[in-house]
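Please open the model in your viewer and keep the sequence panel beside it. The stops below suggest what to select next and say what can be found there.

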Amino acid sequence: MFKFWGSQEQQAQPRPDDAAPSQQSWYPPSVSSSSRPLTPSRTSSTPNLSSRGSSPVSPTEAAGVIASLKDKSVDELRKLLSDKDAYHQFFLSLEQVKDQNNLRGELQKETLQLARENMEKEPRMVELRNQCRIIRTTELAAAQERLNELERQKEETLKSRSPSSLLQRLQEAMNKTEEESEDLHRQLLNSEIDLGTFVPKYKKLRNTYHRRALVHLAAKTSSIS
């Protein structure tokens, strides 16, 4: 049977690229899609480390990574592609990564220090809460009661010192003086007191009455005008 070019027997022959033992890469397909070995002249085609991060790498940082890779041999670059531990060690040796790790370590230390300080202040905070609770339930209640009493006294004082209240009190004093004058006059008529005792007392009461009457009349006239 004739065997034509491209038959299954010929296609089954291994290709030169397949005959060479290949190393399994741990990189994602987007990184390890090329199976051709790297050469020093193809250093710029090495995997872009920034593609694994969440933020783009600045040109300065990228230049620093390229500078770290350009002096490596083909075997060293191939090992970075196939050996995860070797890649991890190389990644940690980058200055940018060292700076980030140092910064993260400092932030962790500061956070732990703040947490310790807050924990040390917890007993004092509990004590202050208890004091506030005591003040709110005892001293504050007493102070509120005293304030209410003072407010009541103020209202009563303002009420008693109002113009209408003063006029009312003055009118009551006039009526009382008038009653005392009439009572004294009745005692004289009933011969309960003599004339010598009656005159000075009656004169004093009438003077008081007329003085209060004048003040009452003046205050009333002033309030009306």
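What is the mean pLDDT of the protein, and what share of its residues reach 70 or more? In this predicted model, the mean pLDDT is 75, and 72% of the residues reach 70 or more.

**Whole chain**

Colour the chain by secondary structure: the protein comes to nine helices and zero strands, so that from the N terminus on every label in the order α-α-α-α-α-α-α-α-α is a helix. Switch on the surface, and the accessible area comes to about 18600 Å², of which 55% belongs to carbon and sulfur atoms. Of the 225 residues, 13% count as buried. Among the contacts with a separation of 6 or more, 58% are between residues 24 or more positions apart.

**Colour by confidence**

Now colour by pLDDT, where helix α1 (residues 8-11) has the lowest mean among the elements, 40, and α8 has the highest, 89. Select residues 1-24, over which the pLDDT is below 50, and which have seven contacts in the model beyond near neighbours in sequence. Then select residues 27-54, where pLDDT also stays under 50 and the model has 31 contacts beyond four places in sequence. Where pLDDT is low, the predicted coordinates should not be read in detail.

**The largest nonpolar core**

Which residues make up the largest nonpolar core? Select Val 65, Leu 69, Leu 77, Leu 80, Ala 86, Phe 90, Leu 94 and Val 97, and the eight residues of this core are shown together. Helices α4 (59-69), α5 (74-82) and α6 (84-93) each supply at least two of them.

Centre next on Leu 80, found in helix α5. Leu 80 counts as buried because its relative accessible area is 10%, where the limit is under 20%. From here, draw a distance to Phe 91: the two residues are eleven apart in sequence, and their C-alpha atoms are 9.9 Å apart in space.

**Helix α8**

Move to residues 163-189, the 27 residues of helix α8, and draw a line between the C-alpha atoms at the two ends. Why does its length agree with what is expected? At 1.5 Å a residue the helix should span 39 Å, and the end C-alpha atoms are 39 Å apart, so the two values agree.

With α8 still selected, show the side chains of Ser 165, Leu 167, Leu 170, Met 174, Thr 177, Ser 181 and Leu 184, which are buried. When looking along the helix axis, keep in mind that an α-helix has 3.6 residues a turn, so residues three or four places apart point the same way.

**Thr 177 and its surroundings**

Stay in helix α8 and zoom in on Thr 177. Is this residue buried or exposed? With a relative accessible area of 4%, Thr 177 is buried. Leaving aside residues up to four places away in sequence, Thr 177 touches Leu 205, Thr 208, Tyr 209 and Arg 212. The side chains of Thr 177 and Arg 212 are also joined by a polar contact of 2.8 Å.

**Last stop: Ser 191**

Follow the chain beyond α8 to Ser 191, which lies in the loop between α8 and α9 (195-224). Phi of Ser 191 is near 60 degrees, a positive value in a residue other than glycine. Most residues other than glycine have a negative phi. At 63% relative accessibility, Ser 191 counts as exposed.

Note on methods. Residues numbered from 1 in each chain as written. Predicted model: local features only at pLDDT ≥ 70, side-chain atom pairs only at ≥ 80, totals over all residues. Heavy atoms only, no water. Core = buried A, V, L, I, M, F, W, Y, C linked by side-chain atoms within 4.5 Å. Buried < 20%, exposed > 50% of the residue type's maximum accessible area, 1.4 Å probe, protein only. Helix = DSSP H or I, 4+ residues; strand = E, 2+ residues; numbered from the N terminus. Expected span 1.5 Å × (residues − 1). Contact = heavy atoms within 4.5 Å. Areas by Shrake-Rupley, 256 points an atom, 1.4 Å probe, with all protein chains shown as cover. pLDDT = per-residue confidence, 0-100. Polar contact = N/O pair within 3.5 Å; in protein donor to acceptor, adjacent residues only side chain to side chain.
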